[in-house]
Structures are given as C-alpha cells and as structure tokens.
Amino acid sequence: MKITLKSLALNLNAVIIGDKYENTEIKNILFDSRRLNTIDDTVFFAIKTKTNDGSKYIEELYNKGIRMFVVQDNLSFSLPDATIILCENVVKALQTLATLHRVENIKIPSCAITGSNGKTITKDWILKLISSDKKVVANAKSFNSQIGVPYSVCQIQGDEDIAIFEAGISKKGEMSILENIVRPTIGIFTNIGDAHQINFSSLEEKIDEKLNLFIHCKKLVFHNNNPLLTSKIQDFAKKNNIQLVSWGENVEDTYNYNAIIKEISLPFTDKASIENAINAYIYCLEIGIAKEKLKEGIRSLEQIEMRFEIKQGINNSILINDSYSNDYTSLEIALDNLNQQRNREKLVILSDLQQSSINKKELYDKINTLLFNKGIENLVAIGKDFNKYKDLILVKNKKFFLSTEEYISNSKRSDYNDKAILIKGARSFNFELISRHIADKGHQSVLEINLSAIEDNVRYFHSLLKPETKLMAMVKASSYGCGGYEVASALEKTNMVDYLTVAFADEGVELRKGGIQLPIMVVTPEVESLENIKQYNLEPVVHSFDALKYFIDSKINIHIKLDSGMHRLGFEEQDIDELVEILKSHTNITIKSIFSHFYGSDEESLDKYTLEQIDVYERMSSKIIKSFPYKIIRHICNSAGIVRFPQAHYDMVRLGIGMYGIGVNPEEQKHLRTVHKLRTLITQIREIEIGEDVSYSRKWVSKRKTKVGVIPVGYADGLNRHLGNERCEVWVNGKYAPIIGNICMDMCMIDLTGIEAKQGDTVVVFGEENPATKLAKQLDTIPYEIFTSVAHRVKRVYYME
C-alpha cells in the first residue's frame with residue numbers, strides 16, 4: 001500500500017509506541033484474530049465494539065509473530081520489539097488507512113452500489129458481465145459495512161481497471177464516511193425498503209443518508225418506479241450536478257424498460273432478479289461495454305445462491321456448500337467457517353479461483369499459504385490452473401483433477417468418513433454435482449435454518465440493552481427445533497452472547513464436545529448427570545433444597561431459581577434465610593446467578609402481575625446478594641420482558657423465542673427475521689371429479705373438479721393432524737394451497753386448483769411466506785410447539801447469507 005505505520009499515525013495525530021517498525025509499509029490488514037494467514041508486514045487493528053474488544057487477542061497474536069498493532073486503549077502488558085499506534089478509535093484508523101490508500105495510490109474509477117436489497121447480486125452480476133473485458137476489484141461477499149468497505153478498499157493493488165463496491169448502513173452519519181473512502185464516479189441505487197429502519201425516524205431520512213454515497217458521482221443509475229425515491233434522487237442530483245440515468249416506463253427515462261426487455265433475453269421471471277439484472281446491464285452500457293457482448297452475457301447470468309449451507313453428508317460427514325463466490329477473500333471466510341466444525345478432520349474441495357486481480361502464480365502461492373495457516377491437511381483441487389501450479393500446493397494430502405466429473409468418478413464413499421467438508425467452486429465447474437454426490441439422500445422434506453437471521457435477531461435485542469447488560473441465549477430443546485450445536489456455534493461467533501442455556505446436561509455435553517466455550521446453564525439437572533456436569537464444566541440450576549443436596553459437596557458453579565409467582569419451580573420467600581445459611585457454610589459452591597421466570601410478560605392484561613413479580617424478585621434476590629462478598633448476576637426478563645420491561649433488565653436477560661424470529665407485538669415483529677422454513681416438494685399431481693374424496697375416512701369430498709398435489713410431509717414429521725381438511729394452507733409458487741383430507745403419517749394432500757404447479761415444485765409448509773404463527777393460531781397453541789414438533793427425521797440445513 002506504500003503507507004507506513006508512521007504516516008498513518010501522523011494522519012491520525014496518534015502516538016507511536018516503539019519505533020522498530022514505524023517505517024514498515026503495511027501490506028496486510030487483520031481485524032479478526034481467527035483469520036490470521038501471514039505475519040509478513042501485517043497490522044492488527046484491535047477493534048473495540050460493544051460486544052468485543054480486539055485488544056484481548058493481542059498477546060496471542062504477538063506470540064504468533066505479529067509485531068504491528070493499532071489500539072485505542074493503553075495496554076496493561078509490554079510487547080518488546082513491537083510498534084503500536086495508540087489512537088482515539090481503531091475503526092476510524094482503519095477507515096483513514098483506506099482513505100489514504102484510495103487517494104495516494106489508487107487512481108482507477110469506481111462504482112458504488114447501495115439500496116435496501118439487491119446490492120450484492122447487482123455487484124456480482126456486473127463482475128460477471130465485465131470481467132472478460134476489464135480487470136476488476138470488488139468487496140468480497142457482502143463486506144459493505146464501516147469495517148468491511150475500508151478493509152476491501154485496502155485490498156486494491158492499483159493495476160485494476162475499475163473497482164466496484166457495495167455499501168450498507170445502519171444509522172445516520174455512516175454513508176459520508178464510506179463515500180470518502182470509495183469516492184465513486186458512478187453510483188447505482190437499487191431500491192428502498194424497510195430493512196435496517198430501526199435507527200431512522202422515517203424512510204425519507206434513510207434515503208437522504210444513503211444518497212450521501214453519491215455526492216461526488218458523475219452519474220447515478222436507478223429504477224424510476226418509486227415516487228418517493230425518484231423525487232429524492234432528482235432533488236439530490238440537481239443540487240450536486242449529477243447526471244441521472246433512469247430506467248422505467250416513463251417517457252423521460254434514459255432507458256425504457258419495455259425496450260430493454262425486447263432487446264435482451266433475461267433468464268429470470270421474478271421481479272427482483274429482473275431489476276438487479278437491468279441495473280447491472282445499464283451500468284455496463286454506461287462504462288462502454290458493447291451491447292452485443294452484454295446481450296450474450298445477460299443470457300448466461302444465473303441466480304446467485306446468497307448463502308453457504310451446512311447439511312448432513314454421507315458416512316457421518318458434515319457438508320459445507322459455499323458456491324456463492326470463489327475469490328481469495330471469500331475462500332478465507334469459508335475456511336474460517338469450516339474450522340468452526342471442531343473435532344472433525346477437514347477436507348477442502350476447491351476449483352480454480354476466478355475474478356482475481358493478481359497474477360496466477362502469486363495467487364496459488366497465496367492459496368497454499370492460506371491453506372497451511374488454516375490447518376488444512378486434505379485438499380481436492382479441480383481445474384487447469386490448479387494442475388498447472390500444483391507444485392506450489394504443499395498440503396499434506398492432495399489430489400488434483402481437471403474436471404468435476406473426473407473427480408466424482410474417482411472418489412469413494414470412504415473418502416468422506418466423519419469429515420467436515422468444504423465445497424467451494426466457481427459456478428462453471430458445476431460443483432452442485434459434488435454436493436449431490438456427498439449429501440445424505442434422506443427425507444425429501446427439509447427444515448432450513450437461517451443462521452444469519454438468528455444473528456440479526458440477536459443484534460436487534462442486543463441494541464435494546466445497556467452496554468453492561470449480559471445476554472443469555474436459550475438453546476434448549478435443540479435450539480427450538482433448529483439444532484443445538486449449529487445454533488450455539490453461530491451464537492458464540494457473534495460475540496454478543498455471554499451465556500447459553502440448555503434443558504438437560506446431555507445437551508450441554510454435546511455442545512462441549514463440539515467445542516463450545518461459552519458458559520452453559522443447565523435448567524433441569526438430573527442426579528445421574530452430576531459427573532458430566534463437573535467434567536464438562538456445566539452450571540446447574542438449583543430450585544429446591546432437595547436439588548441443592550445433590551451438589552452440596554461438589555466444587556461447582558450454580559444458578560439459584562426463585563419462585564416469584566409462577567409457582568412451577570424455585571425457592572419461595574420463606575426459604576431464603578435457610579438457603580443463604582447453607583450456601584455460606586459451603587464455600588465450595590459459587591452462585592453465578594439468581595433468576596426467576598415471568599409467566600405473562602407478553603400479555604398487557606397481565607402487566608399488574610408482572611410488576612408484582614419484579615417486586616418479589618427484587619426483594620428476594622437482594623437479600624441473597626447482600627449475604628455474599630462476590631458479584632452475583634441477576635436476571636428475570638425473557639424475550640417479551642426485554643422489550644416491555646426494560647426496568648427489569650438487571651445484569652442479564654434471557655433471549656429465547658425472539659431470537660428465533662417471533663415478536664411480542666406487530667411493531668417488534670418488523671425488526672425480526674424468520675429463522676425456520678419447513679419446505680418439501682410435490683411428488684405427484686392428479687385431478688379428481690366432483691364427489692370424489694381425498695385421504696382416510698372420506699373427511700373431504702370435492703365440490704368441484706380439483707387438482708390434487710401430494711407432498712411428503714405428515715404427522716410423523718410434526719405436521720399436526722388437526723391441520724387437515726382446509727384448516728391450514730401451504731405456499732406453492734406464490735399462492736396458498738389448502739391441505740385437504742386427513743393428514744397421513746408420511747404425507748398429505750393439497751388443493752392446487754388454479755395454481756401453476758408441477759411435480760418437483762417447492763412447497764413451504766411454514767416460513768417467511770407462510771408464518772408459523774398462522775399454524776399456531778389454527779391449533780390454539782404457540783409457535784414454540786410448531787418449531788419443536790418437527791421430527792428429527794426431517795433434515796436440517798443450515799445456511800448463512
């Protein structure tokens with residue numbers, strides 16, 4: 001980057017501690033200690049956030065060889081031979097470095113993309129359309145934040161033709177910072193919606209903030225289909241002398257939508273994909289790409305899978321399928337995700353890398369270093385480039401193939417025994433064939449779990465807490481049907497969760513065996529589980545004197561449960577004096593927390609009783625706390641309590657159903673994302689005449705000619721029998737289809753009359769399109785029951801966007 005630590009410090013008006021490396025040019029940037037690939041001229045930016053402090057990883061990195069650091073707090077330890085920049089804010093330091101690099105070293109034009117949706121897809125389709133004509137650099141995946149954008153800009157080498165960056169924001173004041181770093185010459189505003197609305201008072205305010213990205217642009221591309229957005233863009237462009245490039249169906253538009261549709265053959269029919277493709281197409285025209293070449297490129301565009309999936313493979317393997325992109329940075333991210341699968345041997349199946357701005361020999365040498373630093377010992381490499389540079393790859397066990405088909409024909413099932421397998425290939429290599437080859441061929445119905453949605457939901461609740469308030473995440477009952485380890489692992493990576501809770505010790509043991517390090521509270525410890533509790537460092541809940549006696553002679557951390565009014569489990573007020581005396585006389589026992597349980601915090605009509613519970617809990621817990629010399633955590637709020645009773649957050653809150661996307665009221669629901677999707681497919685379609693019946697006992701008889709579809713999900717899969725006979729609908733190709741007839745053990749029938757559908761089409765039983773709350777309401781139950789009822793024989797597929 002031709003920027004030294006000394007010059008960065010001068011621009012920050014910061015202090016340099018230790019001068020040994022002050023004149024060293026910065027080559028590599030690290031802000032996540034887990035992603036260390038090389039120590040050569042690497043600077044660690046110890047970013048401090050509400051949930052994590054990067055400085056706690058400095059000693060570990062120093063011992064691994066890192067000698068250059070940027071911090072914002074004085075260190076309590078010495079680092080001989082290191083050079084440290086002490087500044088006011090590490091994130092601002094990273095942004096300053098990116099700005100210096102952009103201004104001093106990078107003279108290429110750039111495109112910036114923002115909007116509520118479609119940023120990443122539009123960016124990646126532009127890359128696909130122009131990569132054969134121009135050398136392009138772009139941010140990896142959706143690295144579009146206050147940290148991701150400057151990090152990506154610092155990766156620019158300087159010999160590229162153009163840079164393309166997407167930029168996202170979450171609050172006011174952020175976009176001007178990104179604009180100063182990216183300095184775009186052309187902008188694309190994809191659309192506007194409710195996403196990330198929480199920190200904005202209105203949609204207008206959010207549009208104004210996003211438009212700041214384009215304040216120095218020469219041109220701005222946008223779809224003229226939203227009157228509010230169009231009006232805002234026009235006013236902004238006039239004020240800042242920006243040429244507007246609009247498209248739509250109005251006479252004043254630069255490009256006419258109908259004319260575009262006629263001249264290019266779009267391989268999509270959904271509105272969002274069409275909009276993203278046209279934005280990419282128009283941008284390419286504006287930078288001079290030949291129309292005929294673009295027409296050919298547009299036809300070859302494919303839907304980009306905006307996620308990586310984790311699912312069960314054959315021979316007890318775990319399969320991570322990340323086919324979204326295949327550049328160096330995204331490979332680095334994918335390997336980090338692979339290494340989250342602890343206690344398993346790792347196998348990486350990788351194709352030639354594409355869209356790289358460095359020469360191939362240097363690239364494959366970097367790949368070798370990356371694989372080594374990530375501890376990869378098993379590699380399958382596919383493609384001409386890997387075969388050409390295979391002598392550079394020093395992985396212990398490696399195999400090289402020219403094609404996907406050649407690899408599949410030479411592979412054996414035993415190759416995958418008990419392994420964690422990363423599949424990452426460019427789309428032209430058809431790695432979906434490998435995924436199908438390795439994936440466990442089981443039930444046709446799948447429960448999809450969106451781990452990104454869980455993280456977003458946790459982030460929302462976390463934003464409601466004071467900085468010092470801890471968060472306990474409920475992963476009992478297999479994380480509400482999601483899968484205990486996978487969710488716990490994702491939560492641990494967020495750095496927003498301080499504690500996990502399971503129902504039984506066995507669940508905690510499985511998490512520990514998987515490598516989960518967070519403290520784990522066990523709600524229902526059993527006598528037989530005492531040894532496991534001690535061996536795996538689990539923390540049992542004690543709710544009675546009988547329960548206490550099982551742990552009285554053990555050196556152990558416990559959690560005390562108080563009965564503040566639910567009258568299920570917990571010590572009562574008259575028990576407190578005796579409880580304190582027993583615990584004071586047994587110093588081998590440490591009280592980690594005292595808690596109680598709301599029974600009606602989600603219902604306004606019960607607020608009187610909730611407030612009474614808070615008073616009782618305050619009185620009881622205070623008496624215990626005063627009796628011990630050490631800090632004891634207090635917590636009573638569940639998901640609803642977090643939102644409705646902020647005065648009762650105490651030291652920690654417990655997040656359960658809210659984390660899985662169910663809000664306490666419609667207003668809160670707007671901020672939450674759906675986590676579960678139970679999907680299946682149509683296995684057969686037939687037509688029946690008036691008077692013919694469907695399923696057992698002739699409970700449903702056709703009143704018209706009816707198109708009947710069969711789907712392989714029944715009550716043995718968790719679909720309640722009471723939902724049959726038109727009491728419930730599923731989602732098929734954008735329309736609701738009622739379940740008709742009695743639900744069978746392994747299948748049920750749906751009414752497809754009036755719906756364009758064919759065998760093999762996807763059916764959503766519940767998910768974003770068909771909320772689980774609808775099914776719960778029909779059954780007069782709660783979403784918890786819907787989620788936890790999904791049978792284990794239904795495959796779980798985990799993905800991140």
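Me: Rings of Phe, Tyr and Trp (its six-membered ring) pair if their centres lie within 6.5 Å, and their planes are called stacked under 30 degrees apart, edge-to-face over 60 and tilted for the rest. So which residues do ring pairs link into a cluster here?

Reply: Phe31, Phe143 and Tyr151. Before we go on: this is a predicted model, where local features need pLDDT of at least 70 and side-chain atom pairs count only at pLDDT 80 or more, while totals for chains, interfaces and linings use all residues. Residues are numbered from 1 along each chain as its sequence is written, and side-chain values use heavy atoms, leaving out hydrogens and water.

Me: How many aromatic pairs does the structure hold, and what makes Phe545 and Phe571 edge-to-face?

Reply: There are 18 aromatic pairs. For Phe545 and Phe571, the centres are 5.1 Å apart and the planes stand at 75°. That distance is within 6.5 Å and that angle is over 60, so the pair earns the name edge-to-face.

Me: Why does that pair tie parts of the chain together?

Reply: Phe545 lies in helix α22 (residues 545-549), and Phe571 sits in the loop between β24 (556-561) and α23 (576-584), so the pair joins parts that are 26 residues apart in sequence. Helices and strands here are DSSP runs, numbered from the N terminus: H or I with at least four residues for a helix, E with at least two for a strand. The protein chain has 28 helices and 37 strands.

Me: Is Phe545 buried or exposed, or in between? And what about Phe571?

Reply: Buried means under 20% relative accessible area, exposed over 50%, and partly exposed in between (1.4 Å probe, protein chains only). Phe545 has 25%, so it counts as partly exposed. Phe571 has 1%, so Phe571 is buried.

Me: Why can α12 be called largely enclosed by the rest of the structure?

Reply: Eleven of the eleven residues of helix α12 (residues 328-338) are buried, which is why the name fits. Among them are Tyr328, Glu332, Asp336 and Leu338. Across the protein chain, buried residues make up 55% of the 801 residues.

Me: What makes the phi angles of Ala477 and Ser479 worth a look?

Reply: Phi of Ala477 is near 55°, a positive value in a residue other than glycine. Phi of Ser479 is near 55° too, again positive and again not in a glycine. Ala477 is in helix α18 (residues 476-480), and Ser479 is found in α18 as well. As for cover, Ala477 has a relative accessible area of 40%, so it is partly exposed, while Ser479, at 0%, counts as buried.

Me: What is Leu583 in contact with, leaving aside its neighbours within four places in sequence?

Reply: Contact means heavy atoms within 4.5 Å, and Leu583 has that with Leu548, Ile558, Ile560, Ile589, Ile591 and Phe628. Leu583 is in helix α23, and its relative accessible area is 4%, so it is buried. Leu178, on the other hand, is 405 residues from Leu583 in sequence and 55 Å away in space, C-alpha to C-alpha.

Me: How do you know that the radius of gyration agrees with a compact globule?

Reply: Taken over C-alpha atoms, the globule rule is 2.2 Å times the number of residues to the power 0.38. With 801 residues that comes to near 28 Å, and the protein chain has 29 Å, so the two agree. Along its principal axes, the C-alpha trace spans about 85 × 80 × 60 Å.
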